[in-house]
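Visitor: I'd like a quick walk around this one, starting with its ligands. Could you put it up for us?

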Amino acid sequence: MAEYDVVVIGGGPGGYNAAIRAGQLGLKVACVEKRATLGGTCLNVGCIPSKALLHASELYELAGKHFADFGIEVTPKLNLPNMMAQKASAVGQLTKGIEFLFKKNKVDWVKGAGKIAGPGRVEVTAEDGAVSVLETRNIVIAAGSEPAPLAGVAVDQQRIVDSTGALSLSEVPRSLIVIGAGVIGLELGSVWRRLGAEVTVVEFLPRITPGVDEETAKALQRALAKQGIAFRLGAKVTGAKASAKQVALTVEPVAGGEPETLTADYILLAIGRRPCAAGLGLESVGVVPDKRGFVETDHFRTSAPGVWAIGDVTPGPMLAHKAEDEAVACIEIIAGKAGHVNYDVIPSVIYTAPEVAAVGKTEEELKAAGVAYKVGKFPFAANSRAKVNGEADGFVKVLADAKTDRILGVHMIGPDVSELIAEYCVAMEFAAASEDVARTCHPHPTRSEASRQAAMGVEGWTMQA
Ligand code: FAD
Ligand code: NAI
């Protein structure tokens with residue numbers, strides 16, 4: 001008889017949520033994690049530490065540059081070790097919280113690297129080299145992802161860092177080159193710019209944040225440029241050299257032209273992430289990753305019976321909440337229930353200032369699919385709460401089906417839009433029309449009124465602008 005109903009490989013948002021849900025449903029479950037703490041990329045070196053530094057650096061920026069607008073005169077002094085200590089403390093509390101939830105839900109945390117050793121068998125190698133084997137009815141692969149490398153740019157975590165290194169620099173760089181104008185580059189570039197670094201973002205494409213609604217991406221680029229971030233778009237990186245105190249990056253225009261050398265104190269390489277599917281023993285059960293290294297699934301089932309996969313190691317957006325939702329649905333299916341993820345309603349957020357938040361289709365996607373849509377848009381400059389708070393940059397844009405009025409996509413840039421987007425996620429989950437939001441009473445004065453006014457704009461009856 002199998003020792004476990006479920007063995008989960010990986011203790012990140014995918015893995016720990018799967019393990020906890022399995023425990024809640026009365027399944028006998030183990031979670032194998034090779035890192036010393038639970039929580040995966042997200043809690044240890046991703047979402048949480050980055051948001052801690054984004055919050056702290058925003059407070060520093062507000063104190064130094066914007067408090068005076070409200071009649072408060074202060075001269076802030078940066079204490080970087082204390083800022084890092086606050087981040088570490090938040091991470092520590094949250095990873096311990098997962099440990100507590102494991103105990104509460106009777107999840108066995110097996111420390112070590114897990115490898116599938118055949119159907120229903122997971123071999124675990126502990127840090128001291130000891131090997132044990134877990135027998136199980138189901139294996140859930142939740143091994144996550146890691147930073148993608150770039151030929152010619154060797155990450156040493158000293159002068160050339162990836163996101164993990166950029167979350168723990170021991171000094172504020174005088175200058176920082178960020179390779180990749182994606183989510184990590186813009187969030188961590190913002191952190192160090194706010195703390196005093198001169199930041200240049202080098203991007204291969206002619207635009208920032210590919211995949212983000214174009215109008216919104218342009219507004220974000222304008223806002224970040226106004227804050228002092230320099231952009232080199234359409235630039236191809238050809239190599240990087242680090243010396244003891246400096247780095248040199250060679251770039252050339254993608255469209256052709258003279259190569260040039262940029263120098264800085266540090267380089268942050270952030271050109272995407274790749275799945276961690278190697279070394280999992282997939283071959284022992286006949287699972288072959290796709291050509292980009294992802295484990296393909298059909299409703300979380302891999303091609304091998306009893307082997308499931310969720311989160312960043314599978315295709316789709318590499319987001320913690322996507323991994324969490326897949327975890328719950330996968331375990332519910334294993335438990336004989338009807339697990340489901342609505343991939344049309346997975347929000348995404350960029351935690352810069354202003355923030356960017358979106359759910360559903362972009363205008364570009366709707367045009368490409370030939371869908372007739374209507375647009376309602378509302379600027380934060382006309383929102384009373386944003387105005388009194390001095391945060392009037394940005395807008396909310398609602399895209400609705402021209403015939404049915406069903407909401408197809410929502411794109412926001414502005415203050416705290418990471419919180420505002422959830423209203424539209426609920427609306428879309430319930431297949432709402434834009435009029436449903438437009439006719440829902442919202443509290444005044446709040447930024448959420450901008451969300452409602454944008455919905456009113458779809459039928460042309462916006463009141464406040
Ligand atoms: P992971 O979190 O990567 O967890 C996988 C775990 O499996 C790891 O702990 C790893 O050690 C373990 N593992 C791997 N192989 C084995 C093995 N063989 N045996 C045992 N253990 C193994 N997403 C958001 O939604 N919002 C954000 O704000 C956000 N910010 C981010 C900021 C940064 C800097 C980064 C890098 C990422 C961010 N992400 C964010 C993405 C988010 O972290 C990931 O989408 C999420 O962590 C994926 O969860 P996962 O469980 O699939 O994988
Ligand atoms: P990304 O995919 O968001 O952006 C990578 C950028 O690098 C793109 O603009 C791409 O065009 C560019 N690029 C690729 N190759 C290049 C090259 N050779 N030279 C210059 N530019 C190049 O990837 P990123 O920022 O590394 O983040 C990885 C993932 O982590 C994200 O896609 C997201 O899923 C997750 N994440 C989510 C966050 C959030 O939800 N707020 C925060 C941080 C990360």
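Visitor: How do the residues of the shell around ligand 2 divide into nonpolar, polar and charged?

Guide: First, a word on the source: this is a predicted model, where local features need pLDDT of at least 70 and side-chain atom pairs count only at pLDDT 80 or more, while totals for chains, interfaces and linings use all residues. Residues are numbered from 1 along each chain as its sequence is written, chains are lettered from A and ligands numbered from 1 in the order in which they are written, and side-chain values use heavy atoms, with hydrogens and water left out. Ala, Val, Leu, Ile, Met, Phe, Trp, Tyr, Cys and Pro count as nonpolar, Asp, Glu, Lys and Arg as charged, and the others, Gly among them, as polar. On that basis the shell around ligand 2 splits into 15 nonpolar, four polar and four charged.

Visitor: Which residue has a polar backbone atom 2.7 Å from a nitrogen atom of ligand 2?

Guide: There are 23residues around ligand 2 (a heavy atom within 4 Å of it), and E187, E203, G272, M318 and V349 are the closest. Polar contacts here are pairs of N or O atoms within 3.5 Å; within protein, one must be able to donate a hydrogen and the other to accept it, and residues adjacent in sequence count only if both atoms are side-chain atoms. The side chain of E187 puts an N or O atom 2.8 Å from a ligand 2 nitrogen, and a polar backbone atom of G272 is 2.8 Å from a ligand 2 oxygen. The backbone partner at 2.7 Å is V349.

Visitor: Which element gives the most to the shell around ligand 2?

Guide: Elements here are DSSP runs numbered from the N terminus: helices (H or I, at least four residues) and strands (E, at least two). With four residues, the top contributor is α6.

Visitor: Now ligand 1: how much of its exposed area does the protein bury?

Guide: The shell has 38 residues, with G14, E33, T41, K51 and G114 the closest. A backbone N or O atom of G114 is 2.8 Å from a ligand 1 nitrogen, and the side chain of H321 has an N or O atom 3.3 Å from a ligand 1 oxygen. Alone, ligand 1 exposes 990 Å² (Shrake-Rupley, 1.4 Å probe; for residues, only the protein chains shown count as cover). Of that, the protein buries 93%.

Visitor: Which element supplies the largest share of the shell around ligand 1?

Guide: Among the elements giving two or more residues are α1 (13-24), β2 (29-33) and α8 (320-334). The largest share, four residues, comes from α2.

Visitor: How many residues are in the largest nonpolar core?

Guide: A nonpolar core is a set of buried Ala, Val, Leu, Ile, Met, Phe, Trp, Tyr and Cys residues joined through side-chain atoms within 4.5 Å. Buried means under 20% relative accessible area, exposed over 50%, partly exposed in between (1.4 Å probe, protein chains only). L186, W192, V201, L220 and L268 have the most contacts inside this core, whose residue count is 35.

Visitor: Is R159 buried or exposed?

Guide: R159 sits in the loop between β7 (145-147) and β8 (160-161). Its side chain reaches the backbone oxygen of D265 at 2.9 Å, and the backbone oxygen of A244 is 3.1 Å from a polar atom of that side chain. With a relative accessible area of 13%, R159 is buried.
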